[in-house]
Amino acid sequence: MFKKVNLFTLSVLIILIFFINATSAETGIQVIPVSDYVTGRFDPSKHTDFINLKKSGIPCSSDMYLRKETVEALKYMLTAFKKDNPKIVITIQSATRNFYSQKIIWDEKFNGKRRINEIPDITKITDSLTRSMKILKYSSMPGTSRHHWGTDFDINILNNSYYENGEGKVVYQWLKNNALKFGFSQPYTEGRTEGYMEEKWHWSYIPLSKIFLTQWNEVYKNNSAQFIKPGIFAGSEKAGHLAPLYVNSINPACR
């Protein structure tokens with residue numbers, strides 16, 4: 001004969017079953033489908049898989065988040081760098097940006113509210129595809145940025161010329177020679193013929209980012225329409241089809 005289960009016990013069991021089923025095995029984050037994760041539709045500050053860099057001891061310019069695995073590897077790398085270069089500091093300038101943060105950046109650039117250095121007034125470019133491609137030299141469309149994943153970050157100065165002389169050159173040469181030992185690589189290197197321009201300041205934690213890259217491509221394959229719907233972001237209906245080109249045109253070491 002079965003014993004009666006009281007209402008409280010039954011409620012607890014239902015809640016447990018919900019949370020077990022709601023966990024995404026691929027990302028390890030509860031209640032976030034993989035499709036939402038890799039396109040940045042979540043808040044990293046609300047999930048235990050992400051760490052606030054200000055609380056981690058890693059030099060950073062403001063409150064920002066990275067995956068805990070990225071943070072641990074980054075600590076080891078920065079310690080090694082400091083040992084070799086005690087007078088130079090590597091500071092994280094940008095880390096995880098979700099879809100909504102990226103949309104603000106993109107839309108402001110598209111609408112001329114945020115200036116692009118080499119273009120005095122982007123609104124004079126009337127064709128939305130041409131305007132988007134100007135922005136795509138250095139900025140990702142929302143839902144396509146590696147910064148969504150918690151694996152990628154920008155350091156020190158967001159200008160390639162900084163890394164050609166002085167402290168910047170020391171930083172870049174050290175990272176080129178040593179970063180891969182700690183799992184990091186530069187996604188946007190010189191010599192590529194497609195995609196974003198070179199970014200010497202942008203580095204990625206490859207053990208995780210290559211997994212998320214594969215998952216992103218699966219999401220695009222299964223639902224490419226989400227990237228080209230009007231209103232998803234400014235110019236999406238004209239530029240959204242370029243998403244896989246820019247996501248995948250990367251340094252082969254990052255695959």
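A charge sits over a ring if NZ of Lys or CZ of Arg is within 6 Å of the ring centre and within 35 degrees of the ring normal. Keep that one handy for Exercise 1.

Before you start: this is a predicted model, where local features need pLDDT of at least 70, side-chain atom pairs count only at pLDDT 80 or more, and totals for chains, interfaces and linings use all residues. Residues are numbered from 1 along each chain as its sequence is written, and side-chain values use heavy atoms, with hydrogens and water left out.

**Exercise 1. Find the ring that Arg131 lies over, then do the same for Arg41.**

Step 1. Start with Arg131: it lies over the face of Phe110, at 4.8 Å from the ring centre.

Step 2. Now go to Arg41, whose charged end sits over the ring of Phe99, 4.0 Å from the centre of that ring.

**Exercise 2. Work out the strand order of the open sheet and how its strands pair.**

Step 1. Know your terms. Helices (H or I, at least four residues) and strands (E, at least two) are DSSP runs, numbered from the N terminus. Two strands pair if DSSP finds at least two bridges between them. Strands of a sheet pair through backbone hydrogen bonds, either parallel or antiparallel.

Step 2. Read off the order: the four strands run E3-E4-E6-E5, with antiparallel pairing. Strand E3 (92-94) and E5 are the edge strands, each pairing on one side only.

Step 3. Walk across the sheet. E3 and E4 are antiparallel and share two bridges; here Ser94 stands opposite Asp154, and Ile92 opposite Ile155. Next, E4 meets strand E6 (residues 202-205) over three bridges, again antiparallel. In that pairing Phe153 faces Trp203, while Asp154 is opposite His202. Finally, two bridges join E5 to E6, and Ser185 stands opposite Ser204.

**Exercise 3. Sort the side chains of E4 and E6 by the side they point to, and decide whether they are buried or exposed.**

Step 1. Set the cut-offs: buried means under 20% relative accessible area, exposed over 50%, and partly exposed in between (1.4 Å probe, protein chains only).

Step 2. Recall that in a regular strand the side chains alternate between the two faces of the sheet.

Step 3. Look at E4: Asp152 and Asp154 point one way, Phe153 and Ile155 the other, and all are buried. In E6, His202 and Ser204 lie on one side and Trp203 and Tyr205 on the other, all buried, so both faces are covered.

Step 4. Try the cut-offs on two more residues. Ser249, in the segment after helix H10 (243-248), counts as buried because its relative accessibility is 12%. Thr214, in helix H8 (residues 206-222), has a relative accessible area of 51%, so this residue is exposed.

**Exercise 4. Describe the aromatic pair formed by Phe153 and Phe184.**

Step 1. Use the rule: rings of Phe, Tyr and Trp (its six-membered ring) pair if their centres lie within 6.5 Å; planes under 30 degrees apart count as stacked, over 60 as edge-to-face and the rest as tilted. The structure holds 20 such pairs.

Step 2. Apply the rule: Phe153 and Phe184 are 5.6 Å apart, centre to centre, with 70° between the planes, which makes the pair edge-to-face.

Step 3. Place the rings. Phe153 is in strand E4 (residues 152-155) and Phe184 in strand E5 (residues 184-185), so the pair links distant parts of the chain, 31 residues apart. Both are buried.

Step 4. Look elsewhere too: ring pairs link Tyr37, Phe42, Phe50, Trp149 and Phe212 into a cluster.

**Exercise 5. Find which helix gives the most to the lining of the largest pocket.**

Step 1. Define it: on a 1 Å grid over the protein atoms alone, a pocket is an open set of points where a 1.4 Å probe fits, with protein on both sides within 12 Å along at least five of seven lines; lining residues have an atom within 4 Å of a point.

Step 2. Check the helices: H5 (99-110) and H6 (128-135) each supply at least two lining residues. H5 gives the most, with three.

Step 3. Fill in the picture: the lining has 27 residues, and Lys109, Tyr138, Ser139, Leu158 and Trp201 lie nearest the pocket's centre.
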